Each structure stands twice: as C-alpha cells, then as structure tokens.
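I opened this notebook to keep track of what I looked up in the structure. The entries follow the path I took through it.

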Amino acid sequence: MILPANALEVEHLSVRLGDVEILRDLSFSVPKGSSLAVIGPNGSGKTILFRALIGAVPHEGTVRWAPDARIGYVPQRLDLERNLPVTGDDLLRARARLAAAQSSDIERVLSRVGLTREILGKGIGTLSGGQFQRLLIAFALLGDPTVLLLDEPTAGIDEPGQERVTETVRRLQEDGVTVLMISHELSVVVRWATNVLCLSREHTYYGIPRQVLTPEVLEQVYGEPVALYVHDDPRPIS
Amino acid sequence: MAVAAGLVGAFALMRRMTLAGDALSHVALPGIGVAILIGINPLAGALVALLGGAVLIWALERRTRVATEAIIGVVFSAALAVGALLATGEQLIDALFGAPRTLSTWELVAGLTGAAAVIAFMLAARDRLVLLFLSSDVARTAGIDVQRLGLLYLLAFALTVALGLRFLGALLMGSLIIIPAATARQVARNLNQMLGWSVGLAVFATVIGAWIAESTGHETGPLIVIVAASCFVLVTAVRRR
C-alpha cells in the first residue's frame, strides 16, 4: 500500500541491462504536489530510472504509483525524425482524440505552456528547441496528468528558452502537478526542487537540495569539484 | 492494395524502418519456394513466411533496439538466397518480379479482403501509431500497449507485402510501399497531406504502370516501380529548384 500523501514510492529498485548494473537498490518517495530533481553525470542511469518508473525496462524492487496517478512523460529524445511533415496540430490532435479531449482543451494546454495557436500549423522540425519542449509538455498535459516526468527539458536550449520552460514547469507545480525532472542545472535544482535524487556509479544521495548538494557530495558524484552558485545568493553552498 | 501500401509506407518512414521493410519483403521468397516444394499455393507460403518475418523483427527489437537493422539485413538477405535455391526458373522470376496475369478469383477475393483489413487497421490505429512512433515511452504512459501495437503494425506491413506479391513480386513490393511515402514526405506539409499524397501516388503508379504494361506488353511490376520512382525523381528535381 502506498501512503495517501505520496504520488510515488520506490523501494530497492535495481536495473540491469545485460551484464551491467545501471541502478542499484534505490529507495525514495515523492509526495503529491512536490518536485523531485534527478541529477547525476552522464551514464549514471537517470533516463533508465524514468523508464523503469513507467515500466518500460525490466527491474527488481517495487515501484508504486498512487492509485489516481496519471503520468505525463516528456522524453529527452523522440523516436520520430524531426524533419518529417508532422505539425504541432497533428501531434496534439492525435493525443487529444486518444484522451477524448476537445479542441478547447488544445487551446487550454497551449496557453498553460505559453504557446500560441500559430505553433499548430508549423512543422515540428521548424520549431526552436524551447518551443518544441513546451509543445511536448502541452502534449503530455492533454492526458490531464497528476504527475509529470520531464527528461532534461532544458538540454540544448538557449537561455531565454530555458527560462520559459522552467517557468512553465514551476507554474504547473503550483497548479498541483507532481513533477519529476532530470536536470543538469544545479542552480535551478536548488531553487526549485523539493527533493533531489543524486545518482552516480558508487553512491546515491536523496534529500533536500541544500542539505544534499554539498561540495563534497558533488565532487564524489561528478568526480571533480563542482562550484554551485544560486542566482539569488552569490555565495557558494557549503 | 496500393492504398494499403501508401498508408503503411507513410508510417514506415515515421518508424524509420524503410530498410527493414524492404528486407522483410524478401523473406517471401523462401516461403514461395517451400510452398512449391510441398505443393501448396505459393502465395499461402509467402504469407506465412512474411508474417513469420514480421514476428521475428518484432522479437529482435524487443530484445534490443541496437543494431537490429544489421541483423534484419543479414537474416533476410540469407532468406533471399535460400529462396533462390528452392525456387527455380520461371517460378523464381514470377516470385521475384510478379506475374499479374495469372490471378485467380480466389486470389482476388483474398487480396481485396486483406487490403480492406490493412486499410481499416491503419485508419483505426492512426493516432495510436503516431504516439508510438513519436516515442514508445510516451505511448506507454498514454495507456497504449506498445508491444501489441508494434506487432500489429509489422503484421499489417507483412500482409501488405503479401498483397502485392502477385503484381510486383518479392523484390519490388517493398518499393511500392516506400517510394510513394518518400515522395509524399517531400511535398506534404502535415500528416494528413503526407498520408493523402502517399496513397495517391501509390495508386497512380499502380494504375499507370499497369496501363503501360497492358498497352506495351511489358511486365507490370517493374513498370509500376519505374512510374513511382519517376514521380520521386520529378518531385525531388522540382523541389530543388
């Protein structure tokens, strides 16, 4: 049984791909309405963790979602080629029809992510990185999710684009959506996340960002000293 | 048959399986060879081999998404070689390039039924296929049984190849699926247009190819593919300008 206050509980989660152990004995929980940031160096298994949570890769241990959880997933990479003649409208309408949503719902999710109707007629290959990420978030919102999983939504996007994506996610959280997000932006994580899960080959750290992300932990996780500055506080965290 | 090929082809581009799809169509050949050896209808043998090939691709991709294109290329090229040994002479030429003039009533009825089934599936599953080929993880969280849908699509693809075997043969049917879709991709601005153009071009190539064959006495299959390929070249040239 999952605690009523939690959206997700994970106990002793391990994932092996072939002979390689990617994740070992992970345990954490995500309270409803909170935000969890997942950080760690490349190859530490962040995306695999998300895929295990949605049941896309075989795993040991238990993953328990709240009975009323509806998951919206925003992947980092698409299987689809971006330069096919597929528009924002094609994607959103396909998702809306499957979710039995109305045309008005498409307008509503677009405004929630700060996009205009103009985006609908454009090919997905012509959108900027930031616009495309927000389109994918709008796409996920059509399923009326209670939990949103975002895999590095700001990777490869220019800074204004990053801010708009981060702002979008923050607003969704204010609306009560539980957010799990993989991120490389440590300063964003510290400002925004309720909890942080820090993955590395040897150790896993989980807790409140300001307590977990000490210089010693960051050095252990990333294998080199990492200076962490928070924008509204010029002092490094110690 | 051409409508089914156009629809299946447009989604094959989305799935990035143009090579795998072409290779899959070659697996019909050993099926035809075995069918002739044991004395059953060659098309029935081809259908069984194709559906088996589709399940094989599906099972390979389930295990790993890496390097399946290479495995598929090897397995199905080998199938082509085995098929070439089993079938001989005129049979081989018919199996490779098609022989439309020997169509029986039974085959016509089976063909039309099969084509209707593929078209109905493609139209009914369209939205779910868009999600699946966009991202299987997204499709999964939207409540889609991604394994089942992926298998159904591959079976639809295999059935479409089987439908065209009589007309185009094992070597050329893959082309009628892929070329109109690849052409449509260059003209279309959205998904509806892509599906429309892909279907339209497949039907156009089939009708015109068959008409030229009828008037000149040449084989139908190669002419259909030549018409389709000419459309592709024409569209590419016009777009370059």
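**Entry 1: a bridge and its strands.** I began with a single residue pair, and noted that Val38(A) has Leu197(A) in S8(A) as its bridge partner. The model is a predicted one, and I read every entry below with that in mind. I then looked up the two strands around this pair: strand S3 (residues 35–39) and strand S8 (residues 195–199) of chain A run parallel and are joined by 4 bridges.

**Entry 2: the sheet they belong to.** Next I asked in which order the strands of this open sheet stand. I found 6 strands with mixed pairing, in the order S5-S6-S7-S3-S8-S9 of chain A. At the edges I noted S5 and strand S9 (204–207) of chain A, each of which pairs on one side only. From one strand to the next, I read an average twist of 10°.

**Entry 3: helices on that sheet.** I looked for helices packed on the sheet, and found that H1(A) touches S3, strand S6 (147–151), strand S7 (178–182) and S8 of chain A, with a direction at about 150° to that of S6(A). I also found helix H4 (residues 129–141) of chain A packed on the sheet, where H4(A) touches S5 and S6 of chain A and makes about 160° with the direction of S5(A).

**Entry 4: another sheet in chain A.** I then turned to an open sheet of 3 strands in chain A, whose order is S2-S1-S4 and whose pairing is antiparallel. Why is one side of strand S2 (20–31) and of strand S4 (60–65) of chain A left without a neighbour in the sheet? Both stand at the edges with a single partner strand each, so one side of each has no neighbour there. The twist that I noted for this sheet averages 15° from one strand to the next. Within the sheet, strand S1 (residues 6–17) of chain A pairs with S2(A) in the antiparallel sense over 8 bridges, and I recorded that Leu17(A) stands opposite Val20(A) in S2(A). Helix H1 (residues 46–53) of chain A turned up here again, since I found H1(A) lying across S1, S2 and S4 of chain A and running at about 65° to S2(A).

**Entry 5: H2(A) against H4(A).** I looked up the axes of this helix pair, and they come within 9 Å and cross at roughly 20°. An angle under 35 degrees counts as roughly parallel, and the two helices H2(A) and H4(A) are therefore roughly parallel to each other. I noted their crossing as right-handed. From H2(A) the contact takes Gly88(A), Leu91(A), Leu92(A) and Arg95(A), and from H4(A) it takes Leu135(A), Ala138(A) and Phe139(A). By class, I listed 5 nonpolar residues, 1 polar and 1 charged in this contact.

**Entry 6: H2(A) across to chain B.** I then followed the helix to the other chain, where helix H2 (residues 88–98) of chain A packs with helix H8 (residues 126–134) of chain B at an angle of about 120°, their axes being 9 Å apart. H2(A) and H8(B) are therefore oblique to each other, and I noted that their crossing is left-handed. On the side of H2(A) I listed Asp90(A), Leu91(A), Ala94(A), Arg95(A), Arg97(A) and Leu98(A), and on the side of H8(B) Asp127(B), Arg128(B), Val130(B), Leu131(B) and Leu134(B). This contact of H2(A) with H8(B) holds 6 nonpolar residues, no polar and 5 charged.

**Entry 7: the chains in contact.** How many residues of chain A are in contact with chain B? I noted 25 residues of chain A in contact with 23 of chain B. On the side of chain A, strand S5 (71–74) and H2 each supply at least two residues, and the largest share, 7 residues, comes from H2(A). I recorded the classes of that side as 13 nonpolar, 5 polar and 7 charged residues.

**Entry 8: whole chains.** Finally I looked up the totals, and noted 8 helices and 11 strands for chain A, whereas chain B has 12 helices and 0 strands. For chain A, with 238 residues, the radius of gyration is 18 Å, which agrees with the value near 18 Å of a compact globule. For chain B, with 241 residues, I read 17 Å, which agrees with a globule value near 18 Å. Along the principal axes, the C-alpha atoms of chain A fill a box of roughly 50 × 45 × 35 Å, and the C-alpha trace of chain B spans about 50 × 45 × 30 Å.

Conventions. Residues numbered from 1 in each chain as written. Chains lettered and ligands numbered in written order. Predicted model: local features only at pLDDT ≥ 70, side-chain atom pairs only at ≥ 80, totals over all residues. Pairing = 2+ DSSP bridges. Axes fitted to C-alpha atoms, helices over the stretch in contact; angles between N-to-C directions. Contact = placed C-beta atoms within 7 Å. Parallel < 35°, antiparallel > 145°, perpendicular 65-115°, else oblique. Left-handed = near helix turned anticlockwise from the far one by under 90°. Nonpolar A, V, L, I, M, F, W, Y, C, P; charged D, E, K, R; others polar. Rg over C-alpha atoms; globule rule 2.2 N^0.38 Å.
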